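Please open the structure in your viewer and keep the selection panel at hand. We will go from one selection to the next and look at what is there.

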Amino acid sequence: MDVKFPVDELILIAPEIILCGFGLLLLLIEVFLKTKSKSFLGILTLVSAGSALVFVLKLSSFSTDLFFGLYSLDSLGSLTKGLILVMLILVVIMSLRYVEREEVISGEYYPLLLFSTLGMMIMVSSKNLLTIFVGLELMSLSIYILVGLFRDNLKAAEASLKYFLLGAFASAFLVYGIALLYGSTGSLDIKGYLEVIAKGDTSTVLIIGVALIAVGFAFKIALVPFHMWTPDVYEGAPTSITAFMAAGVKSAAFVTFLRVFYTAFLPLIKQWGDILWLLAVITMSYANLTALVQQNIKRMLAYSSIAHAGYILVAFVTGEKILSSSIIYYLVAYTFMNVGAFSCVILMGRKGEENLDIDSYAGLSARHPFVAFCLTIFLLSLTGVPPLAGFMAKFYVFSTAIKAGYVWLAIIGVLNSVVAAYYYLRVIMYMYFRDPVKEIGRIDLSPSYILVSLICIFFLIYTGILPRELMLLAEGAVSVFF
Amino acid sequence: MVPIVFKWIVFLVASLLAIFSAIMMVTRRNPVHSALWLVVTFISLAVLYFLLNATFIAISQIIVYAGAIMMLFLFVIMLIHLEKGPEELKVLGASKIFAIVLTVLLFVEIAVGVYYYRVTTFKPGPMPLGDAKTVGFLLYTNYLFPFEIASILLLVGIVGAVMLAKRRKE
Amino acid sequence: MSEYIWLIPCFPAVGFLINGLLGKKLPKAVVSWVGCLSVFFSFVCSAVLFFELLRLAPEARIIEKDVFDWIVSGEFVTRVGFRIDPLSIVMCLVVSGVGFLIHVYSVGYMHDDPGYSRYFTYLNLFVFMMLILVTANNLLLMFVGWEGVGLCSYLLIGFWFEKDSASNAGKKAFIVNRIGDYGFLVGIFLLFVSLGTKGVWTLNFSELERNANLLSESLTALITLLFFIGATGKSAQIPLYVWLPDAMEGPTPVSALIHAATMVTAGVYMIARLNFLYSMAPEIMFIVALVGVLTAMFAASIGFAQYDIKRVLAYSTISQLGYMFVGVGVGAYAAGIFHLMTHAFFKALLFLGAGSVMHALAGELDMRKMGGLKKYLPTTHWTFLVACLAIAGIPGLSGFFSKDEILWKAFLFPHAGVLIYIIGLVTAGMTAFYMFRLLFNTFYGKERLDEEVKHHVHESPKVMTIPLIILAILSIVGGYVGIPHALGGGAHFEKFLEPVFRGVSQKADYHHSLVVEIGLMVLSVIVALIGIYVAYVYFLKKPDLSEKFVKKHEKLYKTVHNKYFVDEIYGFLFVDNLLRVGRFLKNVIDEAIIDGIVNGLGYFMRGLGGILRFLQSGYVQAYAFSMIVGAIVVVGYLLVKVIP
């Protein structure tokens, strides 16, 4: 047996290598840095993310399988990698100030961000469940630690532990599912499943494997009833990490979920379509109803993120390959509005006083019109008000459902987004029409947050008014399913 | 070769032992006892792996889990004096019953699935799959990429452990 | 150059952005340079394009350029795209050319206004929107421009919003326009759907033209009628003309640009643009012509009894717009557009002249307090005189050619053409009368100025008079591009526009009726001269005659002076009743029923949310339970599905 490792394919995973190398480098040089100059690490992280993004763009025209089919390069992966890297850049820009302000343990903060991004990238561009699982674990493990990186904060430690325990539990489901699939088909490659299923070999063990894998992914994208960790973890984590989780983990997990199910298990849609239909309805309704009574804005946004997963699932259950581009569009739009919203949440806080209750936002428009304006844009986009990207995203998703004949699902979705408008608009109402309830003191208007907010606003308006380009990209990405 | 009946007997003994010791492990009050029962479970599982010709995994199971990891467990338990175990108010609370019912339900479901399982066209690959040579060869050729990623995963794990320890110290 | 059509609206947009974002920080000089130059560049681009068009063969003079896809939904694609053809290039030249002059004039006129940069911001935005309107290659983009100019009009009428009358006038204009826009929008929908059901999902003009024959006759009539309702709103025709006189509350250059030269002609442009639809609905065309001619006469008669010089001009604008509608209504699209162009010159000139008078008299508008201004304001006087002669239709000036072209085409119109002609002719006399009444009262006769004002009377600065002079020249020579065949001219204007109106224009049979045409011309000149003479007698020679007349027919005079009480009638018929309905909707339907339901639902939902919150206990065990329940359901459901 003479198998040679294909060294020449390494150039095609340059973005991954860059992130990995910089992560290791940062861990090393952190030791030699003085406490004051830790923001240097942030700059290096930006450099690595930026150069990785450049390589992703350069490589985006390639489409090939790498390393004996264990990894691959295609349009879906490239688009998602690009999205994740842009999201990373935004999060790092806001972290530059936030980490300093909240005295987050920064030495490990940035390397772990890089490793977690690496995990996401591996996850979204692999067609082999083994690699997917390793990538997912890399992402998750890094985030478990990131969530607890607040110094002297019991809530963060609790959130970290909860997330870790439940995440391990979910991983057990996932890996058991993979094992059952391997046992019943002898393959770890998702195309291998398709071959087996196409032959009509749908055994009970295979279907249990599919179900357990669905459970594993449902945990990561926080579908009800696998969502319970979300509010606690989102609330306890440093807000920049919350943004990172809400945008990055969700996008990466959803894209992988999409890839696995749309490549391999689409013939079984009759089986899993109904149950995901039910999950979508429960997720949307439960999350929106619970969000109505939240007083803490991070918890509110946590439930909102669960609800949005429900909306995306609406398009997911249709099983329409072409129309699944709406899912990609939604994820991109969602990433920007979420990162933007969390950047505003960060803006409101100070060291030791995060001002997360909704009362802090009362009368904000008079004191800080800019912050109020930015947050209003993000909340309106989350609500789905034209001409922002959030509207187009909802429009595409629901029209996908209607075109595929899932009219009731679309109706439930629209009703839910009406309910959701209540809690988003309530914050806006507080900001503009209420008198200040309490003194929140000087807020931290650092350029790093403002930059992030402005980028997100620009993007939301741009893709909201001209959705065409992004939609074409998304359509290009989902062409891998054909 | 080994007679098939002997295989069956070993399988039955090892698997029953694994189940029994797992239950014992969960129900013991004394953490040291629990840990020791867990060692028994691991060893029984190793036997099952041997039966499946997965020699490499069987040996790693014994060396890594039953050996190294359990040693650390015991070491930590004794170091921080957990021998007594936390006091519990109820032996069998409602939530425990609920948990048992749910777990059994899930088990039953999977069991039903396995019961209805019919091997169709898929044929198992050539034996032996699981000896050290084959595994090693595959790990360093075909599966080198995920293997390397797993190394980063381990690194992150170490960083996490260090972080937790550091927090304690401060 | 044709690749860069988008540059034409782009320049004012850039000016708008610069002035809008930085205007408050920039010195006035920069603001004015940005404001004027941006429009000037548009004009240069338009001119370059115009000469390029001239070089092309007449059939090739329609250039379309799509810039980007705007709305994509299924098979329907709307692109943001521009279309340059003889019609739109004429509009571009008028809008940017006259617009530029008015911008320059404004530099002097608005010099001391605290809202200087805001003014130029709005003005640039207006030019941008107007250029979008005239260069759009589809109805939807045109509608964007249509709404945009409406918005700017609203903003500029209410420019001095501290004054109640100004902000009210702005609101009135906006609301009345909204009624018209509603008709326009419904028309667009109807057209879109009825063509769509035939398999053509488009709003692009050339595609519409190609597929117009798919429409049934009755549908075409309905659609064109709806469009015409839109036009009556924007172009101030009966019954929606009431906003325009009030719009004079805005700064005078605004009145000149928006409410005389450009925006109000949008309705005429729209009908000319959709000529292929209108020519399929002859009965609607008749309505257009009839409404036009009635408006012309009606507004002219109101002009008799106004003392506010800007209001006289406003009614005159309404009246002249009526002529344009007669033009497009009788199928003489080129004549209508021709009059649109010449009117833009002389009416802008009149307004700017009025502005110059106001400038000199510290904002005085009442012509009873003027008189004899000729010697104080020489330049303003002679340019104003030129404009009056032009609008009265004195031969040799632009108004003569365009107005007579319309009247002649109306005369040839088979449906009651002679009637329309006669009303139009009478109106021409009336026009001459009230314009010269204005002229004589303002510039000639006894000085009736307030003493205090008299000391400060001065001619306007050069930056204001030079635009006046240029416009005066244009008012004279502007007509020479379209001298009819009957007078030995080449009717170049009509020929130039022919590619757009190909196959739909009325075929003038001039060989046969040469004598008649010249005879009619002479007739209209005589009528105009009579009008001028009467004005001369009543207001200059024997001013007491007019006072006697007023006393004798006091009731009639009051009625006319109060604009036939139309505002009051509208107020009684619509506004009050609407308010009543509104109050009912608010008090009963909205507050009691809708709010009740919504609030009730809200409380219910919040209550439900409160219950669900209990599930979120914070214990990891509970969370794991929930997960395992979910897993059991998922696995169980899938198993049930596949177990044989």
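**Where the chains meet**

Begin with chains A and C: 33 residues of chain A are in contact with 28 residues of chain C. This is a predicted model, so please read every stop on the tour in that light.

Next, colour the helices of chain A that each supply at least two residues to the side touching chain C: H6 (154-185), H8 (204-220), H9 (229-236), H11 (269-292) and H17 (407-433). Which helix gives the largest share of that side? Select H8(A), which contributes nine residues. Now colour this side of chain A by residue class, and you will find 26 nonpolar, four polar and three charged residues.

Turn to chains B and C, where the contact takes nine residues from chain B and 10 residues from chain C. On the side of chain C that touches chain B, eight residues are nonpolar, two are polar and none is charged.

**Into the cores**

Now look inside. The largest nonpolar core has 219 residues, and the members that touch the most others are Leu138(A), Ile312(A), Val314(A) and Tyr330(A). Select helix H13 of chain A, residues 325-348, to see the element that gives the most to this core, with 18 residues.

Stay with Tyr330(A) for a moment. Beyond its neighbours within four places in sequence, Tyr330(A) is in contact with Tyr311(A), Ile312(A), Ala393(A), Tyr396(A) and Val397(A).

For the last stop, select Val312(C), Met370(C), Met430(C) and Tyr434(C): they are among the members of a second, separate core of 201 residues.

Technical notes. Residues numbered from 1 in each chain as written. Chains lettered and ligands numbered in written order. Predicted model: local features only at pLDDT ≥ 70, side-chain atom pairs only at ≥ 80, totals over all residues. Contact = placed C-beta atoms within 7 Å. Helix = DSSP H or I, 4+ residues; strand = E, 2+ residues; numbered from the N terminus. Nonpolar A, V, L, I, M, F, W, Y, C, P; charged D, E, K, R; others polar. Core = buried A, V, L, I, M, F, W, Y, C linked by C-beta atoms within 7 Å. Buried ≥ 20, exposed ≤ 12 C-beta atoms within 10 Å, placed from the backbone.
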